[in-house]
Amino acid sequence: MGSADSRIMTPDYPDALNPDLLQRIPLDADVILDVGCHKGMLGAAYRQLNPRARYLGVEANPAAARVAATRLNEVACLDVERDPLPFEVPGGYDCIIYGDVLEHMRDPWALMRAHAALLSPRGVMLICVPNAAHWSVPIRLLNGSFDYEDQGVLDRTHLRWFTLATMEKALAATGLQICDVTPRTFDRKGAEAAADALKSVLDSMGVSRESFLARSAPIQYVWRARKTPQAPIAVSSTMLKPFGAVSDVRVLYPLRALKSDPSVSVQVGELDSFPLPSERQQGICILHRPLLLGETGIQLFRHVLQRGFLVITEFDDFPDFMPQLQDESLMNFRAAHAVQTSTEVLAETLRLQNPEVGVFPNAIAELRPPANFTAPDRITLFFGAINREPDWQSFMPAINAAASVLGERLHFQVVHDQRFFDALDTPYKTFTPTSDHRAYLDILAKCEINFMPLRDTPFNRAKSDLKFIEAAAARAVALASPIVYENAIEDGVTGLIFRSEADLYEKLIRLVTAPDLGLVIGTAARQLVAESRMQAYGVGARIRWYRSLLDRREELTQALYQRVPALVP
């Protein structure tokens, strides 16, 4: 955004976020260098996804650098082409970003070559650059104008211009492996109008309309190149219709995280829409919570195997919860190469049917700014769950007793569970029907307490601590039963565990009458998530597991045939 050359006037560009850059910064990066970081908006957004990362910025505009210093770990105000970088990074940068900055450089080619040497072995160079072949340029030239502007392709501070071909040459000269390039197009109709106006010129030059549009419609390109070549893999997944959080947490968020690695492409959809594996790109097919029995199940697995996929079943519930899952003809787990789940308790059960089980705990995708504890005279308790009436029923008298004592100081936000809402004996309550996960998290973010009861049953003991980390990410105090949660919560430090109706009553009263206590506990819990429970922190382990399965594919396929002989070709 801002120029990194202090000798060039650096305009005050808008404090805007480029989502196409954000999505392509490796999510598990340890150290990132943002060259021309402007006011640090990109880094601030990334640090919500990966709080452990050390995000460093270089910016020539002193005013912008001062703002960026409030958002990033470290910011240096300097001329990046003239001055040495002041940062100590012995292991190298995992990502170096040029977000609309190379065009401002005197010698961007030399800078890219020098910085390529500073990348870590897994390092990625990420570039967004204007397209000098944009349709607006020839149209202006034909109209006799080449007026500079405050921003855009003809920004008055641009010193260099790149087309798709010349940037490819520039990256190739760094010695890095080019991974992909993504066009950014915002005015397709303008490009088409230009193509129509230039039809006779294009025809005389032998340039097709489609070729012209492909080159001229994008106003920018986003490039990724990496230090160490990696074989590309495609990870495709089916997904149940979203209900509650299961599809978001177990499919959408993990795949979005994987996609930030330039060697991994992802897709969610129907089986037959997945790109077929090839010698160049191996493919993994994930089946999300399937129910595949008998010959029907065998036929589906046979179809996926014949298409060349390595097959993984994703399942994160206790198999005993449905009678169908006890059927001897169940193919879910035996007919897959491997199974992935969320807890070690579930893994132990699933290994009875398939020994190859990967455990990937649920995690938080984004640590958004807190929005609660804004009114000390009002505390809101959140309850949002599906099929939990047997778990909360015995505690309702204690909740209503506390509500009677506390009056308007205690409000309730209930999502999905109409019977829980109806059982609350207080006027200070709000009900929201079943919502998508984003809306669910938005409601939770404005609450100070998350009520999380679980009875002691085999099904509940196999559940994950997702509700705790969701509450913790929002800085809400988890008020939880010991089942599952006492293994995740440090009682009195990162949450409160209740062991009886009287204990629940006493702790609920305390949280409402001493809101500072809740703020301290919620802050500690949020810090726990920031340090250890972000989606970003599991990306590397998941990719390594997937690659290990592909490396052992023949062995896993033979084991699969032994479990299900009917699948042998």
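Strands E14 and E15 (residues 410-415) run parallel and are joined by 6 bridges. Two strands count as paired here if DSSP finds at least two bridges between them, and strands (E, at least two residues) and helices (H or I, at least four residues) are DSSP runs numbered from the N terminus. Within this pairing, Ile 379 stands opposite Leu 410 of E15. E14 also pairs in the parallel sense with strand E17 (residues 449-452), over 2 bridges, and there Leu 381 has Ile 449 as its bridge partner.

A word on the model before going further. It is a predicted one, where local features need pLDDT of at least 70 and side-chain atom pairs count only at pLDDT 80 or more, while totals for chains, interfaces and linings use all residues. Residues are numbered from 1 along each chain as its sequence is written, and side-chain values use heavy atoms, with hydrogens and water left out.

**Around E14**

How many of the residues of E14 are buried? 6 of the 6 are, so the strand is largely enclosed by the rest of the structure. Buried means under 20% relative accessible area, exposed means over 50%, and partly exposed lies in between (1.4 Å probe, protein chains only). In a regular strand, side chains alternate between the two faces of the sheet. In E14, Ile 379, Leu 381 and Phe 383 point one way, Thr 380, Phe 382 and Gly 384 point the other way, and all are buried.

**Two open sheets**

Strands of a sheet pair through backbone hydrogen bonds, either parallel or antiparallel. One open sheet has 6 strands with parallel pairing, in the order E9-E8-E10-E11-E12-E13. Strand E9 (264-268) and strand E13 (357-359) stand at its edges with a single partner strand each, so one side of each is left without a neighbour in the sheet. On average, neighbouring strands of this sheet are turned by 25° against each other, direction ignored. Axes here are lines fitted to C-alpha atoms, for helices over the stretch in contact, and angles run from 0 to 180 degrees between N-to-C directions. Inside the sheet, E10 (residues 282-288) and E11 (residues 310-314) pair in the parallel sense over 5 bridges, and Cys 285 stands opposite Val 311 in E11. Helix H21 (residues 539-551) lies across E8 (233-237), E9, E10, E11, E12 (338-341) and E13, at about 170° to E12.

The other open sheet described here has 7 strands with mixed pairing, ordered E3-E2-E1-E4-E5-E7-E6. Its edge strands are E3 (74-77) and E6 (177-184), each pairing on one side only. Neighbouring strands of this sheet are turned by 15° against each other on average, direction ignored. E5 (residues 119-130) and E7 (residues 220-226) pair in the antiparallel sense over 7 bridges, with Trp 223 in E7 as the bridge partner of Ile 127. Helix H4 (residues 108-116) lies across E1 (31-35), E4 (93-99) and E5, running at about 155° to E5.

**Three polar side chains**

The table gives a polar contact for each of three residues. A polar contact is a pair of N or O atoms within 3.5 Å; within protein, one must be able to donate a hydrogen and the other to accept it, and residues adjacent in sequence count only if both atoms are side-chain atoms.

| Side chain | Reaches | Distance |
|---|---|---|
| Asn 372 | backbone oxygen of Cys 447 | 2.9 Å |
| Thr 313 | backbone oxygen of Asn 332 | 2.6 Å |
| Asn 18 | backbone nitrogen of Asp 20 | 3.0 Å |

Asn 372 is in the loop between E13 and E14 (379-384), and at 2% relative accessibility it counts as buried. Thr 313 is found in strand E11 and is buried, with a relative accessible area of 0%. Leaving aside neighbours within four places in sequence, Thr 313 is in contact (heavy atoms within 4.5 Å) with residues including Leu 287, Phe 301 and Val 339. Asn 18 is in the segment before helix H1 (19-22) and counts as buried at 11% relative accessibility. With the same neighbours left aside, Asn 18 is in contact with Leu 42, Asp 100, Cys 128 and Arg 184.
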